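Here are my comments on the structure you sent, as numbered points. They cover charged pairs, the domains and the surface.

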Amino acid sequence: MGSTGENSHLTRQERFSIISTIHKELPGFTLIGGIAQNSVEDTLDEIESVKTAGAKYAVVLPSNYFGASIKQGGIFDWYTEVANKSSLPILIYVYPGVSNNIFIDPRTIKKLSYNPNIVGTKISYGDVSHHTLIGLDSDIAKNNFNCFTGLGQILLPALVVGFKGTIDALSGATPKIYIEILKLFNKGEYEKASHLQLIATRGEELVVKFGVIGIKKAILTATGIGETHLGRVPLNQDLSEGEWNEYSDYLSELINIEKTL
């Protein structure tokens, strides 16, 4: 239950209902609940709610209302207080695009990795150097700290620098290609992995260009899941058909490859 699911546009009861329903239908499937609150208290209450619904982990955006006024020391203190009181293990979610342009310095993530209830991070911006600083740090790795990129378009580069995989929105449309890239990488078949990565990255241009609505439209196109690709207000405005068609060949290529896997 995260950004693509319009977490911030749902009530707590709606978020609980969605996670609870998925947990009942797929009881053996590990669920991660997305948390987007500003106060420590609301964050802890939301974590408790997703835990009750069936989530095993919480991926937590930073408090971000005050934007540029927030210092790295404050981010460290906030996550530490949340982690020390959380009823679930948490992952640090770094997604400046939905959190008032808050970046969490890799050095801050390293310090937080020593907290036993902080078990990983999801990095949803395209700075591969930051991925590298986190993924290849041996001290972070010793803490059993799991690193995931939020960007499937750089899955292969992220794997090379020590990341475990991706938690990617477009994988809701074509999950098999990302699994195959991971399998090929683990087998050392880098040329084949690179070929699939290029196809996936082209498809991900829809995400870069159109955001959440583009992701939803891609999922509906590829799977037929969903009544509409439009979101709740203010995400209720449709895309330009002309602009969508400029990228539709990339999506078609991605869907066609998915069908062969």
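1. In this predicted model, Asp-139 and Lys-110 form a salt bridge, with 3.3 Å between the closest N and O atoms. Asp-139 belongs to helix H6 (residues 138–142) and Lys-110 to helix H4 (residues 106–112), so the pair ties together parts that are 29 residues apart in sequence.

2. How accessible are the two partners? Asp-139 has 28% relative accessibility and counts as partly exposed. Lys-110 is also partly exposed, because its relative accessible area is 25% and the partly exposed class lies between 20% and 50%.

3. The pair does not stand alone. Lys-110 and Asp-139 are linked with Asp-137 and Lys-142 in a network of salt bridges. As background, side chains of opposite charge can pair when their charged atoms come close.

4. How many salt bridges are found in the whole structure? The search gives 14. Among them is the one between Arg-232 and Glu-14, where the closest N and O atoms are 2.8 Å apart. Arg-232 sits in the loop between helix H9 (190–223) and helix H10 (241–260), while Glu-14 is in helix H1, so this pair ties together parts that are 218 residues apart in sequence.

5. Both partners of that bridge are partly exposed: Arg-232 has a relative accessible area of 39%, and Glu-14 has a relative accessibility of 28%.

6. Glu-253 and Arg-202 form another salt bridge through their side chains, at 3.3 Å from N to O. Glu-253 is in helix H10 and Arg-202 in helix H9, so the bridge ties together parts that are 51 residues apart in sequence. Glu-253 is partly exposed at a relative accessible area of 25%. Arg-202, at 30% relative accessibility, is likewise classed as partly exposed.

7. Turning to the domains, the protein is divided into domain 1 (1–168) and domain 2 (174–260). Their C-alpha centres lie 23 Å apart. In the contact between them, 17 residues of domain 1 meet 18 residues of domain 2.

8. How much area do domain 1 and domain 2 bury between them? The value is about 1400 Å², and 62% of it is on carbon and sulfur atoms. On the domain 1 side, Thr-4, Gln-153 and Leu-156 supply 39% of the area buried against domain 2, more than any other three residues.

9. The domains are also joined by charge: two salt bridges are counted between domain 1 and domain 2. The bridge between Glu-14 and Arg-232, described in point 4, has its closest N and O atoms 2.8 Å apart. By the domain bounds, Glu-14 falls within domain 1 (1–168) and Arg-232 within domain 2 (174–260).

10. Which residues make the nonpolar surface patch? They are Ile-18, Ile-22, Leu-26 and Phe-29, and the patch measures about 360 Å². Of these, Ile-22 is in helix H1 (residues 12–25). Ile-22 is partly exposed, with a relative accessible area of 37%, and so passes the cut-off for patch residues, which is over 30%.

11. Helix H1 therefore comes up twice in this note: it holds Glu-14, the partner of Arg-232, and it holds Ile-22, one of the residues of the nonpolar patch.

Notes:
Residues are numbered from 1 along each chain as its sequence is written. This is a predicted model: local features need pLDDT of at least 70, side-chain atom pairs count only at pLDDT 80 or more; totals for chains, interfaces and linings use all residues. Side-chain values use heavy atoms; hydrogens and water are left out. Patches are made of residues with over 30% relative accessible area and no salt bridge: like charges are joined within 9 Å, nonpolar side chains (Val, Leu, Ile, Met, Phe, Trp, Tyr) within 5 Å. Accessible areas come from the Shrake-Rupley method with a 1.4 Å probe; for residues, only the protein chains shown count as cover. A salt bridge is a side-chain nitrogen of Lys or Arg within 4 Å of a carboxyl oxygen of Asp or Glu. Helices (H or I, at least four residues) and strands (E, at least two) are DSSP runs, numbered from the N terminus. Buried means under 20% relative accessible area, exposed over 50%, partly exposed in between (1.4 Å probe, protein chains only). Domain bounds come from an automatic or database domain assignment. Contact means heavy atoms within 4.5 Å. Buried area is the accessible area (1.4 Å probe) that two parts lose on being put together, summed over both.
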